[in-house]
Amino acid sequence: MNTPASHASAFAQDTQIVHLGRDPDAYHGIVNPPVYHASTFIFNSVAQLLETRRDRASGAFEQFTYGREGTPTTRALEDAVTQLEGGYRAVVTSCGLGAICAALTAFLSTGDHLLIVDSLYGPVRQFCDEFLKKYGVEVTYYDPLIGADIAHLVQPNTKVIYLESPCSLTFEMTDVPAITAVAKARGIRTILDNTWASPLCFKPLAHGVDVSIHAATKYISGHSDLMLGIAVCNEASFIPVKKTASGSGYCGGPDDVYMALRGLRTLGLRIPRHQETATTIAKWLQTRPEVSRVMYPALPDDPGHAIWKRDFTGASGLFGAVLQPCSDTQFAAMLDHLELFRMGYSWGGYESLVVPTYPATLRSARPWQEKGPALRLHAGLEDPDDLIRDLERGFARLAAAA
Ligand SMILES: *Cc1c(COP(=O)(O)O)cnc(C)c1O
């Protein structure tokens, strides 16, 4: 219905972002596709109703039958992100976690085994430990640096390998092609959380992944005002993921879908700016005596840099830092009064954010050895020098506190 795939892929990525998923000629020349608020679609005949039932039963999901399964607004966002990532089709969900849970439950049953990366996004770990295990799925956490040695952890009942690269909070890079090669040789599905890279900087499906997930809550929407997820699937994965997402009620709301599509249009400008500012701040932090380590794969001396450079075409603005050991009072004195880096969860919006992180509580396969407190920073679109001065005043407060 929107820009034909064959034509769109002839354009550079920045051009595609502007044009994918919209068709002004179909909507009175209006630039943005309209928001469809719909639960109900009217059928003109029993024959038409039966046709939509056949469409659904066959797994085609081409026709619109009910709001939970999507509207033309949903389809526009799905088409745009699918084409950016070279997928077959995508499924929009209520939030990023919903897309992850739908993809995991699409491929896992009682008695199956899941290999999942240690130091992944915390709530996914909770879903595995509190829900998947309750339903009889065996879960093993693997070291993000394991590479092809993941073959040693594969069991006869391993059905899914789940990846996130770089990892949440600690930003280790995983060798994605090494792991997908092991999975493919054994018929194991792979799911990768690609939120950090956004659809611009890494193409999971081109590296052998079956399902690429985005918390569209973050960079795709870009304005910290909505929750949405998207799972980009290859052809073999689309039907199971779509059936699970719609069968579990993980649908996104129409206004949120519309705003995510609007946010997507400026992603090509925002991501390079986030990367530039994050790099400037990360390099400055490396010079500070208060900082023991910066974790950002785009830095040349980061342990994950070689993999990042090989597989990624850019970086986003999210990175980690570990401070030299200091007292809780000193750490709080720094964070509590930052003016620009406000403290809050989520990231990917236009504004800078910081949160203290506690990586030791979220890993089992690769223990966290650092002694000092850890931070996660999101470099927003503010002036980089203002951001550095904000952190500099924070370090002065840290030094002055007992
Ligand atoms: C935020 C986040 C999610 C979850 O997305 P929500 O939309 O908040 O549910 C998943 N993965 C990563 C890496 C995230 O940062």
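In this predicted model, R89 is buried, with a relative accessible area of 12%. The residue belongs to strand β1 (residues 89-93) and forms a salt bridge with E62, the closest N and O atoms being 3.6 Å apart. Because E62 sits in the loop between α3 and α4, the pair ties together parts that are 27 residues apart in sequence. E62 itself counts as partly exposed, at 47% relative accessibility.

The loop between α3 and α4 (72-85) also holds E69, whose side chain meets that of R56 in a salt bridge with an N to O distance of 2.8 Å. R56 lies in helix α3, 13 residues from E69, and the pair links distant parts of the chain. E69 is buried at a relative accessible area of 13%, while R56 is partly exposed at 33%. Helix α3 (residues 46-57) is home to L50 as well. Together with V46 and L49, L50 makes a nonpolar surface patch of about 250 Å². The relative accessible area of L50 is 38%, so this residue is classed as partly exposed.

A search of the whole structure finds 16 salt bridges. Among them is the pair E172 and R363, whose side chains meet at 3.4 Å, N to O. E172 is located in the loop between β4 and α7, and R363 in the loop between β11 (353-357) and β12; the pair therefore ties together parts that are 191 residues apart in sequence. Both E172 and R363 are buried. Elsewhere, D175, R310 and D311 are joined into one network by salt bridges that share partners.

A useful counterpoint comes from R270, in helix α11 (residues 267-286). This arginine is buried yet has no salt bridge. The nearest side chain of opposite charge belongs to E351, 9.0 Å away, whereas a salt bridge requires a nitrogen within 4 Å of a carboxyl oxygen. What, then, is R270 in contact with, leaving aside its neighbours within four places in sequence? The contacts are Y219, I220, S221, G222, G263, L264, G348 and L381.

Turning to the strands, five of them form an open sheet with mixed pairing, in the order β8-β9-β12-β11-β10. Its edges are β8 (291-295) and β10 (342-343), each of which pairs on one side only. Within the sheet, β9 (residues 318-323) and β12 (residues 374-378) pair in the antiparallel sense over five bridges. One residue pairing can be picked out here: A321 has L375 in β12 as its bridge partner.

Some backbone details also deserve a look. The peptide bond from S165 to P166 is cis, with omega near -5°, and P166 is placed in the loop between β4 (158-164) and α7 (176-185). Two serines have a positive phi although neither is a glycine. For S198 the angle is about 60°, and this serine is found in helix α8 (residues 198-201). For S224 phi is near 55°, and the residue is in the loop between β6 (211-215) and β7 (229-233). Are these serines buried or exposed to some degree? S198 counts as buried, at 1% relative accessibility, while S224 is partly exposed, with a relative accessible area of 46%.

How values were computed: Residues numbered from 1 in each chain as written. Predicted model: local features only at pLDDT ≥ 70, side-chain atom pairs only at ≥ 80, totals over all residues. Heavy atoms only, no water. Helix = DSSP H or I, 4+ residues; strand = E, 2+ residues; numbered from the N terminus. Buried < 20%, exposed > 50% of the residue type's maximum accessible area, 1.4 Å probe, protein only. Lys, Arg positive; Asp, Glu negative; His and termini not counted. Contact = heavy atoms within 4.5 Å. Pairing = 2+ DSSP bridges. Patch = residues over 30% accessible without salt bridge, like charges linked within 9 Å, V, L, I, M, F, W, Y side chains within 5 Å. Areas by Shrake-Rupley, 256 points an atom, 1.4 Å probe, with all protein chains shown as cover.
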